[in-house]
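I opened the model today to look through its charged pairs, its helix packing and a few single residues. My notes follow in the order I looked things up.

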Amino acid sequence: MTPTCPTDMPLTLSPSTMSTLIPPTSALHRWAEEMRSVSACQHRADEVDWQLQGHAVLLECQLMEEVPTLLDQVAAISGMPLRVFSPVEVVEDFLSWIGELPANEPALVYLMPGSWMDPTTPGGELELLTDSVSACTDAFLRALQKVIEGLGTRPVVLITAARSFEQLNPCLRQVGYFDRRIRVPDGSAQALVSDFLHELGHGLADESLLGKPDRLGALLRAVLPDRRRRNLTVLALKRLSRREQRPIRFADVVQMATQGTTEDDPVPTDDHARYRTAVHEAGHALVSHLDSSAMSAPTMCTAIKSRDCHGQVVASFEAIETRGDDLTVGHIRHKIRVQLAGRAAEMLVLGVAATSATGSSSDLYEATCLAMHMVADWGISPDFDSNDSQAANLAVVINGCNPAENPRLVRMARQILQTEFKRTTEILCKHRTYLDRIVQALCQQDVLTQEDFDRLWAECSSSHTRGIVDRECTDKALG
């Protein structure tokens, strides 16, 4: 039972299970239902039934750590027990175990991915093997093929997983072996939120978490995409709630997501370095806000250095540019401007000489990649102001980049970056008061949330309006 007050809260996490079942419309659910149906009619099932069902299944999944949790649910739906073998156990114990398994005993068998999958072609998570180990694993693959061939009408399904089917040796990717492939979609933001709040306990979450689940989902996907870090964060949040006798706020999640869960003593801060970081992140935040299609303030922003970065901005979950793959040229240009805004803000506020030499390297890399995609892959001309000029770059690069084309493509990408940097600087100059207010706020508090940006923007807009009215009154009085 979920505790209703911080004093009753447990300090241990529940088992790592999703709070919602696999969607009934998903391929995983259909597969589990099929296995339940076939195993229920086991006495009438023949080899054709099992050939169509598949005795060996490959799951394609980008978040590999989620596979065991998903298979727990598949086992529950299918009514078949699940046995899991680690990569080492696959080679050392699986063959003997399957040989001793009673003929009519149902089983789902998860062979965790590892070097046994393909000893000859290292890639992805597979390790480079010595010749002796390769020979041993080749022998295992042949033995595994014989096991699958001999399953016949036995109610046994072997499962493995990979980010790509190419990680599995081709000898196992043919009819009669791992001949069924199911793709596991990436977890949605809604699923991440549901899982996170389930682990935290709804009695420990305040309205800032419960009232805007889309915002929380955007943060989790951007900063805590893997379950290991999410669970560590949940446990640290529970400790925080007990220590301070209060529910958990969105700002608490933001702070731990960006700074980690380590408990340490305060360290002396370099005010100059923090100010420069604040200027940089304020530039990203302002352009992300005012240049976005929906004029949506960022989900969060921090100028505090963490293990992974010096500062961070997470764009609003409401902004079109953060959702979907069908983006327009205008959306892509916005994304480039956001990447360039940190460098532009530093140059505007601090001056060229005081601008960080290395602080924008990752931003510039992302902006350059987008610009190169525009000219090389999407046939977009860098001259955005003329419809006629858009016909000048309609040919795209095919089968890799042609060395003879490199100078032209780089020149066009640089032209796009130059145009967008100029536009970015204009946006920052136009809204200099808002930029300065963001910088000041980042120097005073660790994290700014969407509510903070909305308040700062409202104050700046109100002040700007009052200034216009005052000038008009003065003009009338003088006139």
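**Entry 1: Arg181, Arg183 and Glu60**

I started with Arg181 in this predicted model. Its relative accessible area is 44%, so I logged Arg181 as partly exposed. I then looked for its charged partner. Arg181 makes a salt bridge with Glu60, and the closest N and O atoms are 3.3 Å apart. The two are distant in the chain: Arg181 sits in strand β5 (residues 178–184), Glu60 in strand β1 (residues 56–61), and 121 residues separate them.

Is Glu60 buried or exposed? I found a relative accessible area of 6%, so Glu60 is buried.

Glu60 has another partner on my list. Arg183 and Glu60 meet through their side chains in a salt bridge, at 3.1 Å from N to O. Arg183 is in strand β5 and Glu60 in strand β1, so this pair ties together parts 123 residues apart in sequence. I checked the exposure of Arg183 as well. It counts as exposed, because its relative accessibility is 60% and the cut-off for exposed is over 50%.

I also noted the total for the chain, which is 19 salt bridges.

**Entry 2: Asp252 and helix α11**

Next I went to Asp252. Its side chain meets that of Arg246 in a salt bridge, at 2.7 Å from N to O. I found Asp252 and Arg246 both buried.

Asp252 belongs to the buried residues of α11, so I listed the set. It holds Phe250, Asp252, Val253, Val254, Met256, Ala257 and Thr258. Why do I call helix α11 (residues 250–259) largely enclosed by the rest of the structure? Seven of its 10 residues are buried, so the description holds. I looked just past the helix too. Gly260 comes right after α11 and takes a positive phi of about 90 degrees.

**Entry 3: Asp363**

I wanted a buried acid without a salt bridge, and Asp363 is one. Asp363 lies in helix α14 (residues 361–377). Which side chain of opposite charge is nearest to Asp363? I found Arg343, and it is 7.7 Å away. A salt bridge has to fall within 4 Å, so I did not count this pair.

What does the Asp363 side chain reach instead? I found a polar contact of 3.0 Å with the side chain of His284. Beyond neighbours within four places in sequence, Asp363 is in contact with His280, His284 and Gln339.

**Entry 4: α12 against α15**

I turned to helix packing. Two packed helices are described by the angle between their axes and the distance between the axes. I took helix α12 (residues 271–290) and helix α15 (residues 406–430). Their axes come within 10 Å and cross at roughly 95 degrees. The two helices are therefore roughly perpendicular to each other.

Which residues meet here? From α12 I noted Gly283, Leu286 and Val287. From α15 I noted Thr424, Ile427 and Leu428.

I followed Thr424 further, in helix α15. Its relative accessible area is 0%, so Thr424 is buried. Apart from neighbours within four places in sequence, Thr424 is in contact with Val287, Arg337, Leu340, Ala341 and Ala344.

Arg337 turned up again in my search for charged groups. I found Asp291, Arg333, Arg337 and Glu420 linked in a network of salt bridges.

**Entry 5: Ala103**

I picked one loop residue. Ala103 lies in the loop between α5 (94–100) and β3 (107–111). I logged Ala103 as partly exposed because its relative accessibility is 47%. What lies across from Ala103 in the chain? Thr153 is 50 residues away in sequence and 9.1 Å away in space, C-alpha to C-alpha. Leaving out neighbours within four places in sequence, Ala103 is in contact with Arg154 and Pro155.

**Entry 6: whole chain**

I closed with the totals. I counted 17 helices and eight strands in the chain. Of its 479 residues, 44% count as buried. I also looked at contacts with a separation of 6 or more. Residues 24 or more positions apart account for 75% of those.

Conventions. Residues numbered from 1 in each chain as written. Predicted model: local features only at pLDDT ≥ 70, side-chain atom pairs only at ≥ 80, totals over all residues. Heavy atoms only, no water. Helix = DSSP H or I, 4+ residues; strand = E, 2+ residues; numbered from the N terminus. Buried < 20%, exposed > 50% of the residue type's maximum accessible area, 1.4 Å probe, protein only. Lys, Arg positive; Asp, Glu negative; His and termini not counted. Polar contact = N/O pair within 3.5 Å; in protein donor to acceptor, adjacent residues only side chain to side chain. Contact = heavy atoms within 4.5 Å. Axes fitted to C-alpha atoms, helices over the stretch in contact; angles between N-to-C directions. Parallel < 35°, antiparallel > 145°, perpendicular 65-115°, else oblique.
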